[in-house]
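Q: I am new to this structure. Please take a close look at one part of it, the packing of two helices, and then at the side-chain links elsewhere.

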Amino acid sequence: MTIKFRNRLISLLCILSLVFLLFNTTIFLIKFFTNSLDLSYFQSFYKNSVPFLFRYNIFYIFAANFLQIFYVALTSFFLYRTFEKTQAKDIIFFYLILIAFLVDTFRIWIILFNLTGTFTGLLIFCGNASLFAKLLIPISFLLTVISRDSSEHHEEEKILFIILICAFVLALIIPLNTAKILRTCTVSYAFRKELINYAILSILLTTIFLFYDNYKNEYSQLTTVGVVLVAMGIYSTINCTNLFLFILSFVFLTVGTFLYLKNLHKQYLWL
């Protein structure tokens, strides 16, 4: 993949995320001020006995969702400006993480378009989109590290195509239970425990491989810390339902992205 083509993809993602942010914000404001947001399904998750910091609140799901989109737009812009002339294969797979993170935000449409209790194509699409993100994020983290050791500079397109197709097909195959919407505003799906284990194992392997690679090449371990924080931030955001998780999401994403991308850029400057 050429640098020019990669930069165009990153620019496109930045533009699309801003358009998506504008669209969702507009729909939310229209629904909010016309009192047409139906939140009755999610009332059962509220528990007043829980401390305020950890208490379920549907509006933190909205806040986290908008944070996701804004993060993708801002990080895409930062990637373009910082790595514009750098042939960094890590960035290509980090780009996949951003795509998956953005795709996951479609789940907010379940609330915006009052899809709970329905069996519409749009509800199924939202469920498949969330599954696609859950499948793509872990393997993309792992590939950001594994790709470093590859001497092939023109295989990224094949790898990208293969994992995108695999994630897409699996997202369609895994059964959805559209009658049940989870507290995170996600359509219930099969193999939940297996997907959680898959994500944990992938992030753990990513951490180990990156730590070893930095140790072997005498690089700073701040990139390892950064990747771990970004991963924690992403999963905190996806599962955000209260103020505590929202604060964690913001802090982890901000600090983690800064540490990872800044120190990754330094590493390529020394190559």
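A: Here is the helix pair, followed by the cysteines and the salt bridge.

The model is predicted. Start with helix H8, residues 222-238, and helix H9, residues 243-269. Two packed helices are described by the angle between their axes and the distance between the axes. For H8 and H9, the angle is about 150 degrees. Their axes lie 7 Å apart. Angles over 145 degrees count as roughly antiparallel, so H8 is roughly antiparallel to H9. The crossing of H8 past H9 is left-handed. What kinds of residues make up the contact of H8 with H9? There are 15 nonpolar residues and ten polar ones. The contact has no charged residues.

Next, the cysteines. The structure has zero disulfides. A disulfide needs two cysteine sulfur atoms within 2.5 Å. Cysteine 126 is in no disulfide. Its nearest cysteine sulfur belongs to cysteine 185, 8.1 Å away. Cysteine 126 counts as buried because its relative accessibility is 1%. Cysteine 240 has its closest cysteine sulfur in cysteine 185 as well, at 12 Å. That is too far for a bond. Cysteine 240 is buried, with a relative accessible area of 1%.

Last, the charged side chains. How many salt bridges does the structure hold? It holds one. The side chains of aspartate 104 and arginine 107 form a salt bridge, with 2.8 Å from N to O. Are these two residues buried or exposed? Aspartate 104 is buried, and arginine 107 is buried too.

Notes:
Residues are numbered from 1 along each chain as its sequence is written. This is a predicted model: local features need pLDDT of at least 70, side-chain atom pairs count only at pLDDT 80 or more; totals for chains, interfaces and linings use all residues. Side-chain values use heavy atoms; hydrogens and water are left out. Axes are lines fitted to C-alpha atoms, for helices over the stretch in contact, and angles run from 0 to 180 degrees between N-to-C directions. Helices (H or I, at least four residues) and strands (E, at least two) are DSSP runs, numbered from the N terminus. Angles under 35 degrees count as roughly parallel, over 145 as roughly antiparallel, 65 to 115 as roughly perpendicular and the rest as oblique. A crossing is left-handed if the near helix is turned anticlockwise from the far one by less than a right angle, and right-handed if clockwise. Ala, Val, Leu, Ile, Met, Phe, Trp, Tyr, Cys and Pro count as nonpolar, Asp, Glu, Lys and Arg as charged, and the others, Gly among them, as polar. Buried means under 20% relative accessible area, exposed over 50%, partly exposed in between (1.4 Å probe, protein chains only). A salt bridge is a side-chain nitrogen of Lys or Arg within 4 Å of a carboxyl oxygen of Asp or Glu.
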